[in-house]
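Good morning, colleagues. Please look at the model on the screen while I describe where protein and DNA meet, and then one of the chains.

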Number of protein chains: 2
Amino acid sequence: MVKKKEDTIAIRISRALAERIIAGEIDPGAKLRQDHIAEEFGTSHVPVREAFRRLEAQGLAVSEPRRGVRVASFDLGEIREVAEMRAALEVLALRHAAPHLTKAILDEAEEATRAADKSRDVRSWEEANRRFHRLIITPCAMPRLLATIDDLHAASARFLFSTWRTEWEATTDHDHRAILAALRQGDIDNAASILARHVQRISRKPVKTASGAVRESFAIVG
Amino acid sequence: MVKKKEDTIAIRISRALAERIIAGEIDPGAKLRQDHIAEEFGTSHVPVREAFRRLEAQGLAVSEPRRGVRVASFDLGEIREVAEMRAALEVLALRHAAPHLTKAILDEAEEATRAADKSRDVRSWEEANRRFHRLIITPCAMPRLLATIDDLHAASARFLFSTWRTEWEATTDHDHRAILAALRQGDIDNAASILARHVQRISRKPVKTASGAVRESFAIVG
DNA sequence: AATCTAAATTTTATCTATAATTTATAAACC
DNA sequence: GGTTTATAAATTATAGATAAAATTTAGATT
């Protein structure tokens, strides 16, 4: 969380708010009041409004003219949507990245997989998982595609944290290893098809709501 | 071009600028100066800055902190990128939309194809073409996916107008008809694969530059 | 003539103040 | 009691002023 000196206040605020929304510190549907946020950050509300526009673009907030901005809410349908978009776009990125993947990159991706497997909490698992996915697709050198995928990963992380806010059980990620094995053999089709299935894997877990009732919660775990 | 009363000034400005950028009225790389634009629209620069953030999100402008905003420039690589992203995402959308496509929708799409074929200028061809694509995928009911595709269509239109600014020769769109035929037969796989090839068709045309030299210009024509 | 430096100008980013709208509250009415 | 209707409070959106950077211009120096 480096706050570069060159960054504008609006950018810093949007990053800070994005983190909170992803971490689930602000509930879906909650109102974001520009004056309150401005006061908290010790600024005027003008840069706050610009930060809102950035969050909107990432799909983390929704805004209605003159009626304010609220944290984007989500349901199972949107989780599926994000999973399918990720599958389509990450496969596309992987196919372009594959010819440029080096042994060094694949080794680093394997290291990320090990880090994910031994993570004791969701946050570090998510970080390692994202590192894996990013490593194998970045060499595609398609900036617009990568930016879109980044936003989808932010949404995924949000779903994940909302479901596994506290507890997390370590598992061995067989998919990641299978993808790496296929890539090492040069079998791109196989790697792509495992990846597609992998990011569409949606896991469910019973979660207690504030009222004491138990509902099913869902998240992308790939 | 309805300017809804409910819309905020920032939204109106971003729409107006987006149109100009897509139409090629402002050159790629040109600086967008907030005070000048504010003066032109008779406002202060605060809503102009918000409009800039929206354009940035659509990929129509790029901004560097404290150094201003400029119209996004593009090259053949980015055109290919947009084409491939469209192929991946429109196919995904079509697969989800297909079960909900009615005869009425397909008839309307066929009408859009006819309108495209008899268009005498790029603008109306683009409008009809976009209508076709939108009609067959909208029933997927995946708002995030559709929003992303819309931004890609805006980019496509920009490439198109930059190449065929003036002249345009009417052609018969066999792909659209083949897609509709496949959909009417319920052959979704076939429709999807024609669509994927269709939106990746990039056409080239020699274009005279300001200095008198002739360069090749490219655009997505699907 | 080319290049470096310093002042002048332009432009971006932010703040404070104000207008316009929406939301919340309370009184009046059926 | 519940529903309107007015009034007050909070909130969003914009304007105008100011500070901070970047860019340009002009002059000095080599």
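Around DNA strand C there are 19 residues, a residue being counted as near a strand if one of its heavy atoms lies within 4 Å of it. I9(A), R67(A), H45(B), R49(B) and R66(B) come nearest. Of the strand C atoms within 4 Å of the protein, 72% belong to sugar and phosphate.

This is a predicted model: local features need pLDDT of at least 70, side-chain atom pairs count only at pLDDT 80 or more, and totals for chains, interfaces and linings use all residues. Residues are numbered from 1 along each chain as its sequence is written, chains are lettered from A and ligands numbered from 1 in the order in which they are written, and side-chain values use heavy atoms, with hydrogens and water left out.

Which residue of chain A places a polar side-chain atom 2.7 Å from a phosphate oxygen of DNA strand C? That residue is R67(A). With S44(A), a backbone N or O atom lies 2.9 Å from a phosphate oxygen of the strand; with Q34(B), the corresponding value for a backbone N or O atom is 3.3 Å. Two or more residues of the surface near strand C come from each of α3 (45–58) of chain A, α2 (34–41) of chain B and α3 (45–58) of chain B, where helices are DSSP runs (H or I, at least four residues) and strands likewise (E, at least two), numbered from the N terminus.

Turning to chain A, we find nine helices and five strands. The C-alpha trace of chain A spans about 55 × 45 × 30 Å along its principal axes.

Technical notes
Polar contact = N/O pair within 3.5 Å; in protein donor to acceptor, adjacent residues only side chain to side chain.
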